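Work through the exercises below with the structure open beside you, and try each task before you read its solution.

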Amino acid sequence: MRSLLGGVTLAGLVAGLVMGFAIAPREATQGNVQRIMYLHVPSVWVAYLAFAVVLVASIVYLVRRAEAADRLAHASAEVGVLFTGLTIATGSIWGKPTWGTWWTWDARLTTVSILFVMYLGYLLLRGMIEDRERGARFAAVLGIVAAFNIPLVHFSVYWWRTLHQPPSLVKPGPGMPGIIVTALLVNFAAFTLLYAYFVTRRARVLRLEAEAEA
Amino acid sequence: MADNWSFVFAAYGLAVVVLTAYWRFLVRRERELSEGSQVLREGSGMSEQARHPSP
């Protein structure tokens, strides 16, 4: 089952690369550097998804004390931090040729950095507390509180004047050409599969670690 | 606007390195733990045998 998911994920990633580099056309305003979008936007989607899963799994853990929910929250937070870091790095690389700077304290960039630091803190908190049950309980509370930052990140481009563009897929008026939207959606699907693959493997590792400690 | 291919390759290259490194970490850790639990199972099986030797 896991190797099937891995195979489908790999095929999805290859399809995403083909769509992003061979099928989607060169963007008229930005040129080929816009192709970073097929990496940057699905990365932030995975980060949102991962932290939403942390929120749900944390609530389930606090209500039912199910260790599987705690492991899911832990695994999802780790993968979320990985993809948030990737989002920040690829955004910075994209920002240099388009905005003329690697970094600016813009509302979107600042809120996403806070998101990154909060979940990094979540992972550090888990590592700091020796009592597994106590650590899981504290982490679940932090996992719920930190999720309030997700809408702040998403809507920051509407609530404040920012350099960052608003969401391209859901903005009103004429949108992106169909082929660019298709390429983006293929990459969304591929990155979602990659998220599922990573979380499945990480959750299994966490279960094996718990068994080894017991 | 210039195409800035170097930035495109830098972004994708970074993603490949980071994601591959994480995947390798997961595979390696899972293998270590699986082997460890196998050794433990075999060890406990042996001690069980020692406690109850078969005729």
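**Exercise 1.** What pLDDT does chain B average, and what share of the residues score at least 70?

*Solution.* Begin by recalling that this is a predicted model, and then turn to its confidence values. Chain B averages a pLDDT of 81, and 71% of its residues score at least 70. As a general caution, the predicted coordinates should not be read in detail where pLDDT is low. For the model as a whole, the scores are ipTM 0.90 and pTM 0.89.

**Exercise 2.** Describe chain B by its helices and strands and by its burial.

*Solution.* Counting the elements first, chain B has one helix and zero strands. Turning next to burial, 7% of the 55 residues of chain B count as buried.

**Exercise 3.** How many residues does each chain bring to the contact between chain A and chain B, and which helix of chain A gives the most?

*Solution.* The contact takes 25 residues from chain A and 21 residues from chain B. On the side of chain A that touches chain B, α3 and α7 (178-213) each supply at least two residues, and α7(A) gives the most, with nine residues. Sorted by class, the residues on this side of chain A are 13 nonpolar, five polar and seven charged.

**Exercise 4.** Decide how α2(A) is oriented towards α5(A), and find the residues through which they meet.

*Solution.* Start from the geometry: helix α2 (residues 37-64) of chain A and helix α5 (residues 132-146) of chain A pack at an angle of about 135°, with their axes 8 Å apart. Because angles over 145 degrees count as roughly antiparallel and 65 to 115 as roughly perpendicular, with the rest up from there oblique, α2(A) is oblique to α5(A). The crossing of α2(A) past α5(A) is left-handed. From α2(A) the contact draws on V54(A), L55(A), S58(A), I59(A), Y61(A) and L62(A), and from α5(A) on A136(A), A140(A), G143(A) and I144(A). By class, this contact of α2(A) with α5(A) has eight nonpolar, two polar and no charged residues.

**Exercise 5.** At what angle do α3(A) and α4(A) pack, and which classes of residue make up their contact?

*Solution.* Helix α3 (residues 67-99) of chain A packs with helix α4 (residues 107-128) of chain A at an angle of about 145°, and their axes are 9 Å apart. As α3(A) passes α4(A), the crossing is left-handed. Among the residues that meet are H74(A), A77(A) and E78(A) in α3(A), and V112(A), S113(A) and R126(A) in α4(A). The residues of this contact of α3(A) with α4(A) divide into 10 nonpolar, six polar and two charged.

Definitions and conventions. Residues numbered from 1 in each chain as written. Chains lettered and ligands numbered in written order. Predicted model: local features only at pLDDT ≥ 70, side-chain atom pairs only at ≥ 80, totals over all residues. Axes fitted to C-alpha atoms, helices over the stretch in contact; angles between N-to-C directions. Helix = DSSP H or I, 4+ residues; strand = E, 2+ residues; numbered from the N terminus. Left-handed = near helix turned anticlockwise from the far one by under 90°. Contact = placed C-beta atoms within 7 Å. Nonpolar A, V, L, I, M, F, W, Y, C, P; charged D, E, K, R; others polar. pLDDT = per-residue confidence, 0-100. Parallel < 35°, antiparallel > 145°, perpendicular 65-115°, else oblique. Buried ≥ 20, exposed ≤ 12 C-beta atoms within 10 Å, placed from the backbone.
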